[in-house]
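Ready to get your hands on a structure? Take a look at the sequence and the model below, then try the exercises.

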Amino acid sequence: MLLITALIFAFLVQQSWPFIVEHVSLEFFTGDRWLPVSLPPVFQIRGFLVSSAMITALAIVVGVPFGVLAAVSLAELLPHGISVVFRSIFEVTAGIPSVVFGFLGLKLVAPAVADFFNLPTGLTGFSAGIVLSVMILPTLISLSEEALRNVPREYAEASYALGASRWQTIWRVVVPTARGGIAAAVLLGIGRAIGETMTVLMIAGGRLATPGSIFDPMRPITALIASEVNNAARFSVQYHALFTAGLMLFLITLAVNAVAASVIVGKKGR
Amino acid sequence: MRTKYSLKELACLLALGIAVLPPLSAVLYIFIMALPALSLEFVTAMPVRRGIEGGILPAIVGTVWLMFGTSLAVLPIGVGAGIYLAEFAPSNRLTRILEMALINLAGVPSVVFGLFGYAVFVIMLGFGPSILSASLTLAALTLPLVVTATRQALYGVPTSFREASLSLGANRWQTVSTIVLPCARTGIVTGTLLAMARAAGETAPILITGAAFALPGLPSSFMSRFMALPYHLYISATQIPAMPPERMWATAAVLLFLVLTMQVGATIWREQERRNKSW
C-alpha cells in the first residue's frame, strides 16, 4: 500500500514535472484564465480551486450538523436494534455510485434549485454542494458514532451520579470527550467532498471562470481533470498541466487525510 | 435505555430522520421511474441507435468484466497485505506508517487513480484503453477495502486458536494458512464482494482508462475497450439529448440493483456468519 501511494505520487510528479518546470509561477495559482488550446496556451487554476473550496464548504456546513446529531442519536439515544437498522441504511448510502447521485442531482436537485432561487440554471455550485452533503453523511456518521462509543462509560456514569440529565451528559461530557474523533470524521468528510468527481462534473455547471457566488455555475478541480484529460494530446502541455492539477488535488487530500489518520491511528495506539 | 426523550433529544432524532430520507427516497424513486423502460429486452439486447432503442447488454457485460478483472488483481495483493498487517507486522513505526498509508490511500480521489492508471497502465505499460487498464486502476482503488476487510476478519479469530495450533508444534505460517485463514474466509470473501461492488459503480477512473459509449460488439478479451453501466449513464445523461429519460432511470436502476444486491448480500452474509460462530 505504501508502495502504491508512493507510486501514485511518483507518477503524478513525473507526469507533471515538465509543466511545473516550464509554466508554474504565481499566476498559475492566482489567475483565472484557462485556455488550453490558444496560442500560446494559458493555464491558471484559481477558478477551479475556488470552486472546489466553495462546494466543499457548503457540503460540510450542511452535512456536519446532521451528521453529528444523527451520530448522537445512534450512539446514545436509540435502542440497539433500531440503531442497527439506521446504520445499515447509511452503509447502503455509502455504496450508491456517485454517478447515480450525479444523475439524481441533474434530474431532481438542479431543477428544484433553479425554481426555488429563481436562477437561470440549477447547475450551480449550490446544487453540487447539497448533493455532496448527502454523500458525505455516511462517512461523518459512522466515524462520529465510533468516536462517541469510544468514550469510557465511567465518564457518563460520573456525570449521572452528579445529577446531570441524559442530554446534559451527552452534550457536556460525551460529545466534548469525543471531539478528536468527530474532528477526524469531519476531515475525512472534507477529503471525500474535495475528491468527489462525477457529481460535480454533472451538476456544478462547468463554467471555467472564477465563481462570484455559490449560485454560479462552476468547475471544481476534479471536474476539470475528468472533462479534459481524454481530449488532451498525450504529453502535450495541457496533458502535463492536468497532471499538475491532479498532483495538487492529491496533495490537498493527502494533507487532510493524514491529519485525520494520525488522530485515528494515534487513538488506537493509546 | 430510556426511551422518553427531551426536546433537544427529539431534535437529534429529527436530524437523523432527515439525514436518512434523501438516500432512501432516492433509491425508491429511481426504481419507480425506471419501471416503464425495464424489460427483459432492456437487459439482454444490444443497443440500437446509440442506445436510444434496444438494450444495454454490452454495458452490463462490460461492468461484469471489470468486476472480475478487478477482483482477480486485487485479491492476492489485498489479502496478502491484510495477512501481513494482522498476523506478522510487528507493532512498530513502520506498521503505523503502513496503517496511515492505508487510510490515506482510501482517501485519494478516484479521478487521481484515473490519472495514475492512465499514465501507468494505458501509456507506460502499453495496455492502451482496455478492460485490463481499467481493472488494474480499479484494483488500486479498491485495495484499501480488501486489506481492511481481511485484517478485520483475521482480528476476529480468537488468539486461543493460534495458541492451540502453535502448542501442537505448527509454525506461524502453518497456523495462519491452515487455522486462521479458513476461519476468516467469509470475512475475506465478503470484503472482496464489497470491492467488486465498488468497482462496478466507479465512473471517473474508467472514463480515463478505456470506457466507451458505443461499441459494435461485446468485449472479446481483457485488451478490448468496453462499455460500462456507470459510464453509459453519465454519457446518456449529459451528452445524448435524444435519450429518453425512462431509459436513463432504467440504466441507473440496473446499476443500483447490481451494486446494492452485492453489497447488502455481502453484509447480511457476514452478519449471519458472525452470529453462527460460537466464538
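Below are four short exercises, each with a worked solution.

Before you start: this is a predicted model, where local features need pLDDT of at least 70, side-chain atom pairs count only at pLDDT 80 or more, and totals for chains, interfaces and linings use all residues. Residues are numbered from 1 along each chain as its sequence is written, while chains are lettered from A and ligands numbered from 1 in the order in which they are written.

**Exercise 1.** Work out how H4(A) is oriented relative to H6(A).

*Solution.* Start with the axes: helix H4 (residues 80–95) of chain A and helix H6 (residues 125–149) of chain A come within 8 Å and cross at roughly 140°. That makes H4(A) oblique to H6(A) (angles under 35 degrees count as roughly parallel, over 145 as roughly antiparallel, 65 to 115 as roughly perpendicular and the rest as oblique). Next, look at who touches whom: A:Phe90, A:Glu91, A:Thr93 and A:Ala94 in H4(A) meet A:Leu137, A:Pro138, A:Ile141 and A:Ser142 in H6(A) (in contact means C-beta atoms, placed from the backbone, within 7 Å). Sorted by class, this contact has five nonpolar, two polar and one charged residues.

**Exercise 2.** Do the same for H6(B) and H9(B): what is their orientation to each other?

*Solution.* Helix H6 (residues 131–155) of chain B packs against helix H9 (residues 185–201) of chain B at an angle of about 155°, with the axes 8 Å apart. H6(B) and H9(B) are therefore roughly antiparallel to each other. Among the residues making the contact are B:Leu138 and B:Thr142 of H6(B), plus B:Gly187 and B:Ile188 of H9(B). By class, the contact of H6(B) with H9(B) has nine nonpolar, seven polar and one charged residues.

**Exercise 3.** Find out how many residues each chain puts into the contact between chains A and B.

*Solution.* Chain A supplies 60 residues and chain B supplies 65. On the chain A side, helix H12 (residues 237–269) gives the most, with 12 residues. That side divides into 41 nonpolar, 16 polar and three charged residues.

**Exercise 4.** Is A:Asn118 buried or exposed? And B:Arg49, buried or exposed?

*Solution.* Take A:Asn118 first: it sits in the loop between helix H5 (98–117) and H6 of chain A, and has a positive phi of about 55° although it is not a glycine. With 7 C-beta neighbours inside 10 Å, A:Asn118 counts as exposed (20 or more is buried, 12 or fewer exposed, in between partly exposed). Now B:Arg49, in the loop between strand E1 (47–48) and strand E2 (53–54) of chain B: B:Arg49 has a positive phi of about 50°. With 9 C-beta neighbours inside 10 Å, B:Arg49 counts as exposed.

Terms used. Axes are lines fitted to C-alpha atoms, for helices over the stretch in contact, and angles run from 0 to 180 degrees between N-to-C directions. Helices (H or I, at least four residues) and strands (E, at least two) are DSSP runs, numbered from the N terminus. Two residues are in contact if their C-beta atoms, placed from the backbone, lie within 7 Å. Ala, Val, Leu, Ile, Met, Phe, Trp, Tyr, Cys and Pro count as nonpolar, Asp, Glu, Lys and Arg as charged, and the others, Gly among them, as polar.
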